[in-house]
Amino acid sequence: MILKKDIVLDSDPLLRKKSEDVSFPLSNEDEKLLNDMIEYLENSQDEEKAKQYDLQPGVGIAAPQVGVLKKMFAVLTTDEKGVLHKYALVNPTLVSNSVGKCYLSSGEGCLSVKDSHFGYVKRSYKIKIKAYDYVSKQNIVLSLKGYVAIVVQHEYDHLFGILYYDRIDKKNPTDTSDGAIEIV
Ligand code: NI
């Protein structure tokens, strides 16, 4: 089980490193981590369990955030239409991403970041990503847009040592002159 003490914070240089490809068949260790990451997200979104285990709510978590530099992350959230998106992706590759941008009006957060960083994080509005999905146990190509695309891009960034605040324009943190779509 992943607990608060297991989450690597951004003060740790490990979060700036690039993750390695995962080899198949998945090792027991890798499978355990994938299960643990999904479990963390489920528990953290359950009010009682979050309180019981002292978990910060999250919609995504990447392997480097628990100290494992391997290309794996989990996502658990619903989109604008209320459709559930539950994935545990292994070796994800961004196949394409739109020029059109979007951003969360409230800014982004991260389990590994305690300080607040003001500003919009511009990301592609639409993405296509391929990976092995441990939830559905198959290779998948996901076409995502809006909120879920933002969550997936945030987690994908963790595999390359990138944190959300790296993407905030420090001089003009709330600039929307690029036509970026606001996601509320
Ligand atoms: Ni994060």
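Thr77 is found in strand β2 of this structure, which is a predicted model. With a relative accessibility of 7%, Thr77 falls under the 20% limit and therefore counts as buried. If we set aside the residues up to four places away in sequence, Thr77 touches Val59, Val83, Leu84, His85, Tyr147 and Val148.

From this single residue we can move to the nonpolar interior. In soluble globular proteins, nonpolar side chains tend to be buried together. The largest nonpolar core here has 22 residues, and those with the most contacts inside it are Leu34, Met37, Tyr40, Ile61 and Met72. Two or more residues of this core come from each of the elements α1 (28-44), β2 (72-78) and β3 (84-97), and it is α1 that gives the most, with six residues. Leu34 can serve as an example of how parts of the chain meet: apart from its neighbours within four places in sequence, Leu34 is in contact with Leu26, Met72, Ala88, Leu89, Val90 and Tyr134. A second core, separate from the one just described, has 17 residues, and Ala62, Tyr87, Val148 and Val151 are among them.

The next stop is helix α3, which covers residues 146-158. This helix has 13 residues and reaches 19 Å from its first C-alpha to its last, which is close to the 18 Å expected at 1.5 Å a residue. Twelve of the 13 residues are buried, so α3 is largely enclosed by the rest of the structure. The buried residues of α3 include Gly146, Val148, Gln153, Glu155 and Asp157.

Helix α3 also leads us to the metal site. Which protein atoms are the donors of the nickel ion? They are the SG atom of Cys110 and the NE2 atoms of His154 and His158, lying 2.1 to 2.2 Å from the ion. Along the sequence, these donor residues follow the spacing C-x43-H-x3-H. Both histidines lie in α3, four residues apart, which is about one turn of the helix, and both His154 and His158 are buried. Cys110 has a relative accessible area of 7%, and because this is under 20% the residue is buried as well.

The cysteines deserve a second look, for the structure holds zero disulfides. Cys102 is in no disulfide, and the nearest cysteine sulfur, that of Cys110, is 18 Å away. Cys102 has 0% relative accessibility and so counts as buried.

Finally, we can turn to how strands are arranged beside one another. Strand β6, made of residues 126-133, pairs with strand β7, made of residues 138-145, in the antiparallel sense over eight bridges. Within this pairing, Ile127 has Leu144 in β7 as its bridge partner. The two strands β6 and β7 form a hairpin with four residues between them, and in the turn Lys137 has a positive phi of about 55°.

Elsewhere, three strands form an open sheet in the order β5-β4-β8, with mixed pairing. The edge strands of this sheet are β5 (123-124) and β8 (181-183), each of which pairs on one side only. Strand β4, residues 101-104, pairs with β8 in the parallel sense over three bridges, and here Leu104 stands opposite Ile183 in β8.

Technical notes
Residues numbered from 1 in each chain as written. Predicted model: local features only at pLDDT ≥ 70, side-chain atom pairs only at ≥ 80, totals over all residues. Heavy atoms only, no water. Core = buried A, V, L, I, M, F, W, Y, C linked by side-chain atoms within 4.5 Å. Buried < 20%, exposed > 50% of the residue type's maximum accessible area, 1.4 Å probe, protein only. Contact = heavy atoms within 4.5 Å. Donors = N, O, S within 2.8 Å, 3.2 Å for Na, K, Ca; no water. Expected span 1.5 Å × (residues − 1). Disulfide = S-S within 2.5 Å. Pairing = 2+ DSSP bridges.
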